[in-house]
Amino acid sequence: AAAEKGGYPNFMAKEINEQPHAVADTLLGRTDETGRLVLDELRISEDDLRAVDKIVIIACGTAAYAGMVAKYAIEHWCRIPCEVELAHEFRYRDPVVNERTLVVAISQSGETMDTLMAVKHARELGAKVVAVCNTHGSTIPRESDAVLYTHAGPEIAVASTKAFLAQITACYILGLYLAQLRGGTYADEAQAVMKDLHEVPAKIQQVLDGLDRVREIARFMADTRSVLFLGRHVGYPVALEGALKLKELAYIHAEGFAAGELKHGPIALIEPGQPVFVIVPSPSSEHGLHGKVVSNIQEIRARGARTLVIAEDGDEDVVPFADVVIRVPQTPALLAPLVTTVPLQVFACELATAKGLDVDQPRNLAKSVTVE
Ligand code: G6P
């Protein structure tokens with residue numbers, strides 16, 4: 001068993017460290033020599049894909065957060081309305097789905113019963129379903145019209161890490177492919193974004209190589225009772241995923257918020273010493289949200305929060321309001337989750353280890369939940 005863990009103390013640490021490969025392998029073989037995306041495996045006709053007027057992403061747990069990230073990118077690139085819904089909610093609310101709906105079912109295991117039932121329901125309503133899945137021969141791809149595999153390799157630890165980054169990558173490939181197929185503003189950009197994506201694995205490695213301070217802080221925080229996470233735009237689902245990892249692995253009460261929502265309620269939670277992670281968007285991103293998130297850090301700091309700030313290299317604006325700055329390399333705005341998630345995974349894993357918990361098999365959880 002020690003050999004299987006490749007020298008790491010547990011599968012989770014190993015899988016976190018495999019993320020550069022999970023992303024690189026998922027990108028592999030999706031383009032031709034000219035750089036155009038080719039998804040031969042996507043066995044849905046080009047006519048059907050051109051006719052799609054709505055995308056609905058269904059998933060559970062971490063996979064649903066990957067879907068939330070993907071929504072931002074898919075709508076931006078494809079100009080197709082895209083919804084994300086928890087698979088167990090989707091089926092029971094009379095969703096507006098028809099022949100022109102493309103349903104994307106994200107599942108690492110391919111066996112999650114909630115997601116499987118939602119897939120069946122969507123197909124009954126006439127939708128075309130693409131599975132984004134990490135497990136060959138599993139049930140959800142079999143019950144779908146097509147499958148786009150993530151190539152993260154087997155994920156053993158119950159809580160998902162490398163599959164999450166691979167799911168985002170695969171959904172982005174799908175979004176770029178649709179943009180390319182349907183023409184329009186972003187068709188020409190698909191190749192440029194693919195080029196940016198190919199640079200991401202090295203950036204993840206850079207993050208992994210610089211996390212000693214995060215580990216030290218995590219060990220120091222082993223007695224913490226509650227941690228909050230704030231993010232905006234694609235940083236919002238990253239905040240949700242950071243909180244989920246801490247709940248799953250360390251049994252600590254944790255909540256993620258959209259930073260813009262802070263003033264509408266959650267700021268009441270801030271009291272002296274409350275740790276808050278903030279995922280800061282790039283100062284150079286087109287959406288211009290950097291300044292707004294920096295103001296949020298200032299607001300919570302003024303109320304005594306202990307601010308743990310994930311910010312790009314060179315972003316000096318955060319420094320006066322950060323108790324701790326965790327650096328990530330400069331990355332295009334939509335691709336940032338592929339790097340900003342990593343310190344949060346390592347934080348949760350290290351803190352749980354410091355508490356003496358079994359990070360690979362947290363209490364009450366199962367790797368794939370095959371009951372509804
Ligand atoms: C379980 C696991 C989670 C996972 C979720 C969805 O609850 O504990 O880590 O995110 O299922 O799993 P799937 O295999 O469908 O991605």
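This report describes a five-stranded sheet, the helices around it and some backbone angles in a predicted model.

## The sheet

Strands of a sheet pair through backbone hydrogen bonds, either parallel or antiparallel. Here five strands form an open sheet in the order β7-β6-β8-β9-β10, and their pairing is parallel. At the edges stand β7 and β10 (324-328), each of which pairs on one side only. On average, neighbouring strands of this sheet are turned by 20 degrees against each other, direction ignored.

The pairing of β6 with β7 is parallel and runs over six bridges. Within this region, G231 stands opposite A258 in β7.

## Helix α12 and the loops at its ends

Helix α12 lies across three strands, β6, β7 and β8 (275-279). Its direction is at about 175 degrees to β7.

A loop between β6 (226-231) and α12 (235-250) contains H233. Is H233 buried or exposed? H233 has 22 other C-beta atoms within 10 Å, and the cut-off for a buried residue is 20 or more, so H233 is buried. The phi angle of H233 is near 60 degrees, a positive value in a residue other than glycine.

Y251 lies in the loop between α12 and β7 (253-258). Its phi is near 55 degrees, again positive in a residue other than glycine. Y251 counts as partly exposed because 14 other C-beta atoms lie within 10 Å.

## Helix α14

Helix α14 covers residues 337-354, which is 18 residues. How far apart should its ends be? At 1.5 Å a residue, the helix should span 26 Å. The end C-alpha atoms are 26 Å apart, so the model agrees with the expected span.

Most of α14 is covered, with 17 of its 18 residues buried. Just after the helix comes G356, whose phi is positive at about 80 degrees.

## How α10 packs on α14

Helix α10 (residues 200-209) packs against α14 at an angle of about 20 degrees, and the two axes are 9 Å apart. Angles under 35 degrees count as roughly parallel, so α10 is roughly parallel to α14. The crossing of the two helices is right-handed.

From α10, the contact is made by V200, K203, I204, V207 and L208. From α14, it is made by L338, V339, V342 and P343. An α-helix has 3.6 residues a turn, so residues three or four places apart point the same way.

How values were computed:
Residues numbered from 1 in each chain as written. Predicted model: local features only at pLDDT ≥ 70, side-chain atom pairs only at ≥ 80, totals over all residues. Helix = DSSP H or I, 4+ residues; strand = E, 2+ residues; numbered from the N terminus. Buried ≥ 20, exposed ≤ 12 C-beta atoms within 10 Å, placed from the backbone. Expected span 1.5 Å × (residues − 1). Pairing = 2+ DSSP bridges. Axes fitted to C-alpha atoms, helices over the stretch in contact; angles between N-to-C directions. Contact = placed C-beta atoms within 7 Å. Parallel < 35°, antiparallel > 145°, perpendicular 65-115°, else oblique. Left-handed = near helix turned anticlockwise from the far one by under 90°.
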